[in-house]
Amino acid sequence: MPQPIRLHIHITTLPGRGQEQVDAYERLAPIVRAEQGCLQYDLHRVAGDPDRFVLAELWSSREALAAHDATPHMVAADAASPAFRAGRAQVIEIEAEPVA
């Protein structure tokens with residue numbers, strides 16, 4: 001049985017451009033959540049910093065995540081994000097189940 005894939009993606013926008021990240025996410029989220037294998041896709045702002053975010057993703061399998069990464073809407077989103085992001089997002093894969 002495939003193991004779920006959990007990602008925490010750390011995103012920093014250019015100073016004062018955090019709302020552009022939120023706007024982009026709001027357009028993209030319903031499309032991503034409808035993808036086969038998407039179990040969670042939630043953007044959280046870092047407390048006290050309007051330009052830093054953590055995107056929590058949970059996918060049913062590595063294959064579902066790979067299919068997601070190759071979708072036209074994700075390719076387009078990745079191409080557009082340098083306009084407001086301060087650099088590449090840091091993708092952290094964590095174990096799906098807590099250790100304690």
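Why does Gln 3 count as exposed? At 60% relative accessibility, Gln 3 is placed in the exposed class, for which the cut-off is over 50% relative accessible area; buried means under 20%, and partly exposed lies in between (1.4 Å probe, protein chains only). The structure is a predicted model, in which local features need pLDDT of at least 70 and side-chain atom pairs count only at pLDDT 80 or more, while totals for chains, interfaces and linings use all residues. Residues are numbered from 1 along each chain as its sequence is written, and side-chain values use heavy atoms, with hydrogens and water left out.

Gln 3 lies in the segment before β1; helices (H or I, at least four residues) and strands (E, at least two) are DSSP runs, numbered from the N terminus. Leaving aside residues up to four places away in sequence, Gln 3 is in contact (heavy atoms within 4.5 Å) with Ser 60, Ser 61 and Arg 62. Gln 3 and Ser 61 are 58 residues apart along the chain, yet their C-alpha atoms are separated by 5.6 Å.

The four strands make an open, antiparallel sheet in the order β2-β3-β1-β4, where pairing requires that DSSP finds at least two bridges between two strands. Strands β2 (38-45) and β4 (90-94) occupy the edges with a single partner strand each, so one side of each has no neighbour in the sheet. From one strand to the next, the twist averages 15 degrees. Strand β1 (residues 5-12) is joined to β4 by five bridges, and His 8 is opposite Ile 92 of β4. Helix α2 (residues 62-69) packs on the sheet and touches β1, β3 (52-59) and β4. The direction of α2 makes about 125 degrees with that of β3; axes are lines fitted to C-alpha atoms, for helices over the stretch in contact, and angles run from 0 to 180 degrees between N-to-C directions.

Seven bridges connect the antiparallel strands β2 and β3, with Asp 42 opposite Ala 56 in β3. The hairpin of these strands has six residues between them, and Gly 48 there adopts a positive phi near 80 degrees. Phe 53 is in strand β3 and counts as buried because its relative accessibility is 1%. Among the residues that Phe 53 touches, not counting those up to four places away in sequence, are Ile 9, His 10, Ile 11, Val 22 and Leu 43. The C-alpha atoms of Phe 53 and His 10 are 5.9 Å apart, with their positions 43 residues apart in sequence.

The largest nonpolar core (buried Ala, Val, Leu, Ile, Met, Phe, Trp, Tyr and Cys residues joined through side-chain atoms within 4.5 Å) has 18 residues, of which Ile 11, Tyr 25, Val 32, Tyr 41, Leu 43, Leu 55 and Trp 59 touch the most other members. At least two core residues come from each of β1, α1 (18-33), β2, β3 and α2. Helix α1 gives the largest share, five residues. Beyond four places in sequence, Tyr 25 touches Arg 33, Tyr 41, Asp 42, Leu 43 and Leu 55.

The lining of the largest pocket draws at least two residues from each of β1, α1, β2, β3, α2 and α3 (72-80).
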